[in-house]
Amino acid sequence: MIKNPLRGCSAIAGIGYTEQGKIANRTALSFHTEACANAIKDAGIKKDDIDGLFIYRHFNTRSNEPDITPYLVAQQLGIKPDYLSEEANCARSHLYNAVSLLYSGLCKYILISYADNALLSKRTFVDEATHGEPFGDVAAFGQFGLVSAYAMAARRAMFENGTGPNVWKHIAMSTRAWANLNPRAIMHRKVMSEDDYFNSKYIVEPLRLFDCALINDGGRACVITTTERAKDLKNSPAVILGIGQSNPSYDIHQSFYMTKNSGAKRASELAMHMAKVTHKDIDALQIYDCFTYTVDLTLSDYGFYDYGHGEEFFNDKKTYPGGRLPMNTSGGLLSEAYFMGLTQLTEGAIQLMGRAEERQLGVLNGTKKPNIVLCSDNGAALQTHNCTILGSIDTL
Amino acid sequence: MKNIILPTPNEETEFFWEGCKHHKLLFQKCNDCGFVRWPVNILCPECLSFNYSIIESKGRGFIFTYAIYHYAYHESFKEKLPYNVAIIKLNEGPMLLSNIIDCNNDELTCESPVEVVFEDIDDEVSLPKFKIIKKIKF
């Protein structure tokens, strides 16, 4: 079989963290610039090496803050990239763009960033940009934003295949157990018991508070370059072995894929094919957990367990610290921090770089050093999905 | 009720809301392939034909799925908590987002048969809501 030339051509070379959680005095823009500067420093390159800058979609800023644009982030970093992009509606296109631009030679060092000051802005994630209708046409019925969209998907799945809170509790609790090992995680000091999970209040039933991602201030960025260049830099690179993207696109109330065959299915097939890996090769999972149900659906669409069979999958605690298939080892969006897909991607990379401290796989009791980590990213109401398979340099 | 949210018809969606005002549920039906579509679309998403007619739905279908809000994202819904939002699959095909009225939230189930009931907000605006069709006892 001919090797896909995109397999392993690019790698994550640096990661930028910021303070995260509830931070009283910072604009969203300031978190972008800090995360980007830290990623550049971590990669060990000069800022003028950056010739591509992508930022995730952003939520509306406060009226006394500038609107976030890639121009502004570039200006604040004092760089003049050849390529700028910011996606507007959550489509997870960043890695397709990055790998294509690096492979073609149009870019050499690409920065990807997400930041927000959602707590300072008192954001409730109402102002979503995903619905085709004018605001009033669904809001007149009391429909606002994405918690409800995922709640409706989750409810349909409960009806069709019998999934439910007895599956989702494991996703919330195992993710929290990992956060308890990560000092950076917002929920680091808060243990979650099964009672805590079931006692957390409904936001939009059937989703409870602990089924929902955190809302926080902070930023996250990473530097992606060609694997050849990354080999000469200071960090051990996290090589991008495979990428897959799929955009089913339909609004939730027109969705025919809310319980199976979402974008996750096609995206994972594409990514595994490019990476030439199968399920048994995967040492750890970093699954986009905007809601617990998203993880449930993603894992079934990826083929880790059949729809509705999550209880059997999670009951042996394989995804918890010390389990044989660690998942969301930073604490994920549910318990570490919400930086869209960068929470997952940067954690996959830091684990492969061997820099995950107390939660490092291969150091933590009962775990083994990872060679292949699968990361997922998902946007809007299951309308877009990206699957990325990262590997250590030894997997090339 | 304070600061109530109303639909915002535009040139293309006006026929739907005007229909609701007269207690009719109107949709576009493709003249070429027969597909009944929603939301409003200049062409048929099945066959890309621009030819269509407006048809009146009988207003019957079933609950595809639903969610129950325990948190008000807007002040006009505070006093309604907990309230439901549901996706209705109509017999003619379209999926419509609405509310199930005249029932307790714990009576809701996916696949329950429903029919449309128009809720008059004022002289100009009516919203298509749905109620569960109870089984007829003989």
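This is a short tour of a two-chain model, stop by stop.

**Before you start**

The model is predicted: local features need pLDDT of at least 70, side-chain atom pairs count only at pLDDT 80 or more, and totals for chains, interfaces and linings use all residues. Residues are numbered from 1 along each chain as its sequence is written, chains are lettered from A and ligands numbered from 1 in the order in which they are written, and side-chain values use heavy atoms, with hydrogens and water left out.

**Stop 1: the interface**

Show chain A and chain B together. The contact (heavy atoms within 4.5 Å) takes 29 residues from chain A and 31 residues from chain B. The size of an interface is often given as the accessible area lost when the parts come together. Here the two chains bury about 2900 Å² between them, 65% of it on carbon and sulfur atoms. Buried area is the accessible area (1.4 Å probe) that two parts lose on being put together, summed over both.

Now select A:Arg156 and B:Glu111. They form a salt bridge, with the closest N and O atoms 2.8 Å apart. The term covers a side-chain nitrogen of Lys or Arg within 4 Å of a carboxyl oxygen of Asp or Glu. The count between chain B and chain A is one salt bridge.

How many residue pairs are in polar contact across the interface of chain B and chain A? The rule finds 17, both residues at pLDDT 80 or more. A polar contact is a pair of N or O atoms within 3.5 Å; within protein, one must be able to donate a hydrogen and the other to accept it, and residues adjacent in sequence count only if both atoms are side-chain atoms.

Color the strands of chain B next. β4 (60-69), β5 (83-90), β6 (95-98) and β8 (126-132) each supply at least two residues of the side that touches chain A. β4(B) gives the largest share, seven residues. Helices (H or I, at least four residues) and strands (E, at least two) are DSSP runs, numbered from the N terminus.

Stay on β4(B). Strand β5 (residues 202-205) of chain A runs antiparallel to β4(B), joined by two bridges. Strands pair if DSSP finds at least two bridges between them. Find A:Glu205 opposite B:Ile68.

**Stop 2: B:Lys129**

Select B:Lys129 in strand β8 of chain B. Is B:Lys129 buried or exposed? At 6% relative accessibility, B:Lys129 counts as buried. Buried means under 20% relative accessible area, exposed over 50%, partly exposed in between (1.4 Å probe, protein chains only). Its side chain makes a polar contact of 3.1 Å with that of B:Asn99. Not counting residues up to four places away in sequence, B:Lys129 touches residues including A:Phe141, B:Glu115 and B:Glu119.

**Stop 3: strand β11 of chain A**

Select residues 384-391 of chain A. Eight of the eight residues of this strand are buried, so β11(A) is largely enclosed by the rest of the structure. A:Thr384, A:Asn386, A:Thr388 and A:Leu390 point one way; A:His385, A:Cys387, A:Ile389 and A:Gly391 point the other.

Add strand β8 (residues 238-246) of chain A, antiparallel to β11(A) with seven bridges. A:Ile243 stands opposite A:Thr388. Then add β10(A) (residues 372-379), also antiparallel to β11(A), with eight bridges. There, A:Leu374 faces A:Ile389. β10(A) and β11(A) form a hairpin with four residues between them; A:Ala380 in the turn has a positive phi of about 55°.

**Stop 4: helix α2 of chain A**

Select residues 70-77 of chain A. The buried residues of this helix are A:Pro70, A:Leu72, A:Val73, A:Ala74 and A:Leu77. They pack against α1 (28-43), β2 (52-55), β3 (83-86) and β4 (109-117) of chain A. End at A:Gly78, which follows α2(A) and has a positive phi, near 65°.
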